[in-house]
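This report covers the surroundings of a bound ligand and one small sheet. The sequence and structure come first.

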Amino acid sequence: MTKKPFYITTPIYYPSGDLHIGHTYTTVAADAMKRFKTLTGYDAYMLTGTDEHGQKIQKKAEEAGVTPQEFVDGQIDKIKKLWKLMNIDYDQFIRTTDEEHVKTIQRIFEKLYEQGDIYKGKYEGHYCTPCESFWTDSQLVDGCCPDCGRPVQDASEEAYFFKMSKYADRLMKYIEEHPDFIQPESRKNEMVKNFLEPGLQDLCVSRTSFDWGVPVTFDKKHVVYVWMDALPNYISALGYLNDKENLMDKYWPADVHLVGKDIIRFHTIYWPIFLMALGLELPKHVYGHGWILIKGGKMGKSFGNVVDPVELADTYGVDALRYHVLSDMKKGADGNYSEDMLVNKINVNLANDLGNLLSRTAAMTAKYFDGVIPDAREEEPVDEELISLAEKTPGMMEADMDNFDPAQALEDLFTLVSRANKYIDETQPWVLGKDEMKRARLASVLYNLTETLRYIAVLIEPFMPETGGKMAQELLLTPEERTWESLKHFGGYQAGKKIERHAPLFPRIEKKPSEEAKEEKKPAKKEKKQAKKEEKKKEEGKKDEKITIEEFSKPELVVGRIVKSERHPNADRLLVNQVDIGEESPRQIVSGISQWYTPEELTGKSVVVCVNLKPAKLRGVVSDGMLLAAEEGDTVSLLEADKKLSPGSKIR
Ligand code: ME8
């Protein structure tokens, strides 16, 4: 059966300096989409590359004292290395200096000139070099570029023009008839209101004031305007009007051009009009994502706040970085980057939620079944919710990805991770393990967890390929167990394999939050005082209330031993404790006691633990239980239990 093609592109990057995590977002998102489509059975093809002509690059080369060609040649390796590091599985890397691309541009220019869409005239206006954009007087904002706010240069020169106005009505009609062409909707409205409705002016498509560009074949002192050179990369890569292999029939029209919101205008106005003039179909979708912001502002060299993806990937791992950027950029909105947020996500979502799910399941399988899950089954109603969520998750994620929303797809996947963690709490395998009669049930519980982990391993791979691979390795998944089809019905995991325990998927990161983060997170003194007052009032009221013995037995109290304690990554007041309560692995319990205890003092203490408190996230870290303490004046002391009592002993 021939697979359905899916063609996805990233913008081609200016090789004018180091790429930052903002650029990385577009490429990682495109890669995740390509991999997801491949998983679901498509013949997915991804294009990326570099946009190498134009005044900006020529200037950079002059500054560096080399020719423009030498300058761009010197940048390519670095960019390709970055994509390799980020695990980008692109199919083609195009450079606008490639001979075949240049051919395409020259032929397009000739064709459009011959058919009368391009004509010669004189350009009088302004040019913004950083944006490589022309502006008329009325388009300037306070005399500066309306896109980036920087000063513009006066430009007056003989030039070729493209008749944009001729196609404006057709484009407007197309946008109306294809409401999902420009996504998200807010960007569509912006384009229509700000550019199409006021009317399009003819576009200047050649320059004579510099020469680093594709020469116009019939008028050599002109080079083609850099956007008319860059946009057709999407078709020159497929062999349009050049001598490369013809992939146009297979992949054109593109399924999606993924671009940042700053260049959506070029992709939804200029590009479709050029395509109409060439008699080609328009791309099915143009998706304009937001920006990754730093402290609410744009990232860029000129702002002095670029974040280097190579450094971050080296420090925290590629998948953690991929996860951070993908989950952060909600559909249509800007994302935010901070190192504290990244560390927090690693500790909470990756180490705690996902990593622990795998390690707890593997540890219990090792303990109770010597690492081999037997085929015994004994289902109970509590399994139903987990199973049906696992079966629903692939479809939900597919819909999210078709909606260009990797952040939502990851959220859906991590809902399954949380559900599986909750299932461990509900089924309490460590209790089942104590009863010989419950072995079949215990096997079922561990099977269900392993099978859920298989779903997670397969579904996480497009987003975090290394993690998916590691999980598959630990669970000994066969190629058949890693297919989309195998996720149709819960139960595809072949029992009987002996699982070995591996190193944690994501080790917790010990990192002091920045001073600034600390300040932000401190509750105001006044709020604290008020909360204390209210609590005191409540406590006083309670003294007179009597409760029944049934009510008293509601909290389940046991003896616990603190095996490890550390400071919370984001809150000064809190300590994150690992407490042995006689379960398979220690419980993580967060307590607001750092004012009275150091982590070292706590380690080894026998304490009283309430174990059936609903788990909660405290400043992003899950707390599953509560340590009991007494309060006297301004001091808080933990209730300690006799050291002779073993962890897990019930307190009544
Ligand atoms: O625009 N957050 O190249 P480019 C998210 N050559 N995305 C960001 C970002 C940020 N902080 N900063 C930049 C060009 N980007 C042209 C494209 S395509 C035919 C030609 C995104 O290297 C930006 O929005 O300046 C754009 O989509 C991409 O990085 C490349 O930017």
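Strand β1 gives the largest share of the shell around the ligand, with 3 residues. The model described here is predicted.

**Ligand shell**

The ligand is surrounded by 22 residues, and those that come nearest are I12, D51, G260, D262 and I292. By character, the shell holds 12 nonpolar, 8 polar and 2 charged residues.

Polar backbone atoms of Y14, G22 and I292 lie at the following distances from ligand atoms.

| Residue (polar backbone atom) | Ligand atom | Distance |
|---|---|---|
| Y14 | oxygen | 3.0 Å |
| G22 | nitrogen | 3.2 Å |
| I292 | nitrogen | 2.8 Å |

On its own, the ligand has 670 Å² of accessible area, of which the protein covers 95%. Two or more residues of the shell come from each of β1 (5-13), α1 (21-39), α7 (226-230), α8 (233-236) and β11 (256-260).

**The sheet with β13**

I292, one of the residues that come nearest to the ligand, belongs to strand β13, which spans residues 292-294. This strand is part of an open sheet of 3 strands in the order β14-β13-β15, and the pairing is mixed. β14 (297-298) and β15 (335-337) are the edge strands; each has a single partner strand, so one side of each has no neighbour in the sheet.

β13 and β14 run antiparallel and are joined by 2 bridges. In one of these pairings, I294 has G297 of β14 as its bridge partner. In general, strands of a sheet pair through backbone hydrogen bonds, in either a parallel or an antiparallel manner.

Notes
Residues numbered from 1 in each chain as written. Predicted model: local features only at pLDDT ≥ 70, side-chain atom pairs only at ≥ 80, totals over all residues. Heavy atoms only, no water. Pairing = 2+ DSSP bridges. Helix = DSSP H or I, 4+ residues; strand = E, 2+ residues; numbered from the N terminus. Near = heavy atom within 4 Å. Polar contact = N/O pair within 3.5 Å; in protein donor to acceptor, adjacent residues only side chain to side chain. Areas by Shrake-Rupley, 256 points an atom, 1.4 Å probe, with all protein chains shown as cover. Nonpolar A, V, L, I, M, F, W, Y, C, P; charged D, E, K, R; others polar.
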